[in-house]
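Reader: Please justify the structural terms that you apply to this chain, setting each against its definition.

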Amino acid sequence: MTAKADHILLLAGTSEARQLAGTLAETFPESRLTASFAGAVRDLPDLGVPTRVGGFGGTKGLLAFMRHEGITVIVDATHPFAAQMSRNAAEAAKMLKVPLVRLERPCWHPGEGDAWTNVLTMDDAAEALPDGARAFLAIGRKEIERFTPRSGIFGLVRMIEPPKTQLPSAWELILSRPPASADEEVSLFLEKNITHVVTKNSGGSRSYAKIEAARTLKLPVIMIARPELPEAETAPTNSALVDRLRQILARGS
Ligand code: NAP
């Protein structure tokens with residue numbers, strides 16, 4: 001039986017976190033649940049659970065929040081590239097001796113016929129593009145300036161919120177979330193004469209269509225490896241995470 005005092009902090013910002021919010025509320029009705037967003041996008045989804053928005057103010061701020069709110073468990077369902085938040089959460093959980101489970105969707109791996117160049121950093125990815133490339137850049141808004149100095153390439157940039165830095169005038173910007181179907185990506189890549197796809201190894205199905213489209217069109221993919229995260233207990237899927245949480249809450253740790 002779940003102890004009444006439990007208060008789960010769900011670090012959100014992914015489609016899995018959106019689903020988890022409802023599942024956690026349903027599965028653990030006796031626990032409090034607070035979802036947290038960075039506030040990076042304007043149109044925040046209504047998760048149907050108590051929600052806070054904005055950074056905590058580093059590990060120190062997170063510790064203060066956790067103490068004030070009596071957080072007893074952290075579920076880190078942030079994006080695999082949201083490394084700072086995951087580091088802060090792991091550190092705070094350790095300091096307060098609070099269990100933490102991180103949702104870690106498996107990485108993507110190349111399939112038959114895929115031509116991937118694996119790189120470690122955004123800078124490496126920018127360098128890996130040959131002059132004359134027409135690159136589809138699905139790498140988010142924070143590090144797009146790693147690519148903009150490459151004068152010899154064209155960039156078709158897709159992100160949810162506009163970039164803070166100006167893009168080269170010849171480049172094109174699409175402000176949207178990724179489409180669900182590979183067919184839409186294939187049409188886009190053909191229409192824009194895309195020669196290379198640059199992406200983070202986010203894993204999961206939500207943004208996999210571009211990888212399928214690259215496979216269909218035999219386009220090379222520059223795949224950026226995930227940042228290293230601190231050691232933590234992980235679960236590969238929402239259901240595995242909920243199972244683990246059930247054990248944690250049952251033992252009241
Ligand atoms: P980040 O570099 O790890 O985090 C930067 C700062 O943003 C953190 O130090 C923290 O501020 C705040 N923050 C991040 N996630 C938060 C959350 N869930 N609740 C409250 N504060 C949060 O993260 P990011 O790469 O900027 O990503 C921001 C958000 O977008 C994350 O929630 C992530 O899940 C989502 N997202 C990221 C990507 C990506 O590729 N990076 C892709 C899709 C979605 P304080 O230090 O002040 O606490």
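Author: Two strands pair if DSSP finds at least two bridges between them; helices (H or I, at least four residues) and strands (E, at least two) are DSSP runs, numbered from the N terminus. This is a predicted model, in which local features need pLDDT of at least 70, side-chain atom pairs count only at pLDDT 80 or more, and totals for chains, interfaces and linings use all residues. Residues are numbered from 1 along each chain as its sequence is written, and side-chain values use heavy atoms, with hydrogens and water left out.

Reader: What makes β4 and strand β5 a pair?

Author: Three bridges join β4 to β5 (residues 100-103) in the parallel sense, and the definition asks for at least two. Isoleucine 74 stands opposite leucine 100 in β5. From β4 the chain crosses through α3 to β5, a right-handed β-α-β crossover: with the strands pointing away from the viewer, the path from the first strand over the helix to the second runs clockwise.

Reader: How do you know that β1 pairs with β4?

Author: Four bridges join these parallel strands, so the requirement of at least two is met. Here isoleucine 8 is opposite valine 73 of β4.

Reader: Which way do the residues of β4 point, and are they buried or exposed?

Author: Val73 and Val75 point one way, Ile74 and Asp76 the other. All are buried, that is, under 20% relative accessible area (exposed is over 50%, partly exposed in between; 1.4 Å probe, protein chains only). In a regular strand the side chains alternate between the two faces of the sheet.
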